[in-house]
Each structure stands twice: as structure tokens, then as C-alpha cells.
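User: I am new to this structure and would like to go through it step by step. May I put some short questions to you?
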Amino acid sequence: VILLANRAAGALFNVLPNILIGKPLANFVCEAERRIFRNKLNEFSSLYSSVQEWEIRMCPPISQPFDASLLVAPVRDSSRTLVSLRIGVRDITKYKAANLQHIQSVAELLPLAAAVEIPRSLDGLQVLFVDDEADAREFITAVLEQHGISVTAVATVTEALEVLERCSLGEPPKGRTCPDVLISDIRMPDEDGYALIKKVR
């Protein structure tokens with residue numbers, strides 16, 4: 001439930017800030033993503049990380065839907081019990097559109113590369129790719145697979161570690177073998193690429 005709201009939040013949701021107060025924030029999340037949003041909130045109470053960044057689709061009642069980045073910070077009492085959350089909401093619709101346009105413009109060059117004989121020395125190489133951005137995962141996967149590389153793409157450090165743990169138990173992901181190479185984004189919410197490499201080592 002929203003306890004405080006500033007003028008920026010009011011402008012973002014196209015209502016006066018005092019109207020936001022007392023309303024569940026989930027009411028402003030697109031219906032298709034509300035369950036995901038509530039699950040994230042429930043999981044947060046058991047986590048002790050200082051800040052998390054979530055991406056969610058917001059649908060204000062009297063305004064246009066938009067892609068939002070939520071910066072979520074816990075407020076805890078002296079016994080470390082979670083008492084509330086501070087959530088910053090940022091409209092990233094234009095950023096995502098620009099990012100997608102850039103990826104598409106790069107992708108337009110790929111057919112030109114297809115005319116060149118591609119060395120097949122990478123055939124059968126297994127790569128585990130970690131990136132929280134769905135567009136980046138799709139693009140990098142497409143590029144690597146053009147070179148005969150088999151890619152397992154995941155969004156979080158936790159998922160990557162699960163894949164590696166299953167491999168260590170002799171249970172690789174369905175239809176895949178264990179990775180020969182790990183490629184990771186550095187800046188990711190919750191845990192970053194450095195934390196992943198440290199845990200793998």
C-alpha cells in the first residue's frame with residue numbers, strides 16, 4: 001500500500017499525489033504481471049540485499065501503459081524485520097524503444113555477414129549466457145547460434161548457478177549439455193556479474 005507519494009509519482013500516474021496514498025501499488029501494475037509483482041514483493045521480505053531493480057509493465061487507470069523500472073529498497077527496524085519498502089518508479093519506455101531500434105539496426109547487417117563463409121570451428125561449443133535484458137539475450141543468442149554455438153540464456157545469477165549445479169550433478173538443462181564457456185553481463189539487479197564469477201570460482 002502506498003504510504004507516501006511525491007509530485008513526480010503523481011505526474012507519472014497522471015493523478016494528484018494525495019490520491020495515490022492508501023492505494024495498493026499492484027493496482028497500477030498491468031493485470032497480466034500482477035502475480036509476478038506480488039511474488040517479488042513476497043520474496044523480498046526474506047532477502048537482505050539493500051536494493052533491487054525490477055522491470056514491470058505499469059497500467060495507470062487514466063493514463064497510457066508504460067514500461068517501468070522499479071528501484072526497491074527495504075526499510076527495516078532494529079531487529080532487521082522488514083517494515084516497509086521505498087520504491088522509485090521510472091518510465092523506461094523510450095529507453096527500451098531506442099535500445100530495440102539499435103539492436104534491429106545491427107541485426108540488419110547480419111544477412112550481409114551470412115554471405116561470408118563462416119568458420120565452423122565453434123560447432124558444438126556450449127555457452128551459458130547471463131543477462132537481465134531480454135533483448136540482449138535474444139540478440140546475443142542469435143549471433144552465437146549463427147556460428148554453430150549452442151546457447152543456454154538465463155536472466156539472473158541464481159538461474160546461472162542452478163544450471164551449473166545441475167551440470168555438476170550430471171543433470172544438464174533439457175536438450176543441452178554442460179557449458180564450456182560462461183558469458184555474463186556485469187551490471188544486473190540483485191547480484192552482478194562479479195558476484196557470479198566469484199561464486200563459480
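Analyst: The conversation below covers pockets, helices and a few single residues. Please keep in mind that this is a predicted model.

User: Let us start with the pockets. How much space lies in the largest pocket?
Analyst: The largest pocket holds about 1000 Å³ of space. Its lining is made up of 33 residues, and those nearest the centre are Glu53, Trp54, Glu55, Asp132 and Pro189.

User: Which elements give two or more residues to that lining?
Analyst: They are α3 (34-44), β1 (52-58), α4 (93-107), α6 (134-146) and α7. Strand β1 contributes the most to the lining of the largest pocket, with five residues.

User: And how do the lining residues of the largest pocket divide by class?
Analyst: There are 16 charged, 12 nonpolar and five polar residues in the lining of the largest pocket.

User: What about the second largest pocket? How much space is there?
Analyst: About 800 Å³ of space lies in the second largest pocket. It is lined by 26 residues, and Val1, Ile2, Leu25, Leu85 and Ile87 are the closest to its centre. Two or more lining residues come from each of α1 (7-13), α3 and β3 (82-91).

User: Which element gives the most there, and what is the mix of classes?
Analyst: Strand β3 gives the most to the lining of the second largest pocket, namely eight residues. By class, that lining has 21 nonpolar residues, three polar ones and two charged ones.

User: Helix α3 was named for both pockets. Could we look at Leu41? Where is its place?
Analyst: Leu41 is in helix α3. Its relative accessible area is 27%, so Leu41 is partly exposed, a class that runs between 20% and 50%.

User: What does Leu41 touch?
Analyst: Leaving out residues up to four places away in sequence, Leu41 touches Trp54 and Leu85. Trp54 is among the residues nearest the centre of the largest pocket, and Leu85 is among the closest to the centre of the second largest pocket. In addition, the C-alpha atoms of Leu41 and Val72 are separated by 9.6 Å, with the two residues 31 apart along the chain.

User: Back to the largest pocket. What does Arg187 touch, and where does it lie?
Analyst: Arg187 lies in the loop between β6 (181-184) and α8. Neighbours within four places in sequence aside, Arg187 is in contact with Glu53 and Asp132. Both of these partners are listed among the residues nearest the centre of the largest pocket. The C-alpha atoms of Arg187 and Asp132 are 8.7 Å apart, although 55 residues separate them along the chain.

User: Is Arg187 buried or exposed?
Analyst: Arg187 counts as exposed because its relative accessibility is 64%, and the cut-off for exposed is over 50%.

User: Now a change of topic: helix α7. Which residues are buried there?
Analyst: The buried residues of α7 are Val157, Ala160, Val163 and Cys167. These four lie on the same side of α7, because they cover an arc of only 125° around the axis.

User: Why would residues at such spacings point the same way?
Analyst: An α-helix has 3.6 residues a turn, so residues three or four places apart point the same way.

User: What covers that buried side, and what follows the helix?
Analyst: The cover over the buried residues of α7 includes β4 (126-130), β5 (150-154) and α8 (193-200). After α7 comes Gly170, which has a positive phi near 80°.

User: How many residues does α6 have, and which are buried?
Analyst: Helix α6 has 13 residues, and its first and last C-alpha atoms lie 19 Å apart, close to the expected 18 Å. Asp135, Ala136, Arg137, Thr141 and Leu144 are buried in α6. Thr141, at a relative accessible area of 14%, is buried and touches Val151 and Ala153, not counting residues up to four places away in sequence. The residue Gly148, with a positive phi near 80°, follows α6.

User: One last residue: where does Phe28 lie, and is it buried or exposed?
Analyst: Phe28 lies in the loop between α2 (17-20) and α3. With 7% relative accessibility, Phe28 counts as buried. Beyond four places in sequence, the residues that Phe28 touches include Ile2, Phe13, Met58 and Pro61. The C-alpha atoms of Phe28 and Pro61 are separated by 7.2 Å, and the residues are 33 apart along the chain.

Notes:
Residues are numbered from 1 along each chain as its sequence is written. This is a predicted model: local features need pLDDT of at least 70, side-chain atom pairs count only at pLDDT 80 or more; totals for chains, interfaces and linings use all residues. Side-chain values use heavy atoms; hydrogens and water are left out. Buried means under 20% relative accessible area, exposed over 50%, partly exposed in between (1.4 Å probe, protein chains only). The arc is that of the directions from the helix axis to the C-beta atoms. Contact means heavy atoms within 4.5 Å. On a 1 Å grid over the protein atoms alone, a cavity is a set of points where a 1.4 Å probe fits but cannot get out, and a pocket is an open set with protein on both sides within 12 Å along at least five of seven lines; lining residues have an atom within 4 Å of a point. Grid points are joined across faces, edges and corners, and a volume is the space filled by probe spheres set on the points. Ala, Val, Leu, Ile, Met, Phe, Trp, Tyr, Cys and Pro count as nonpolar, Asp, Glu, Lys and Arg as charged, and the others, Gly among them, as polar. The expected span of a helix is 1.5 Å times one less than its number of residues.
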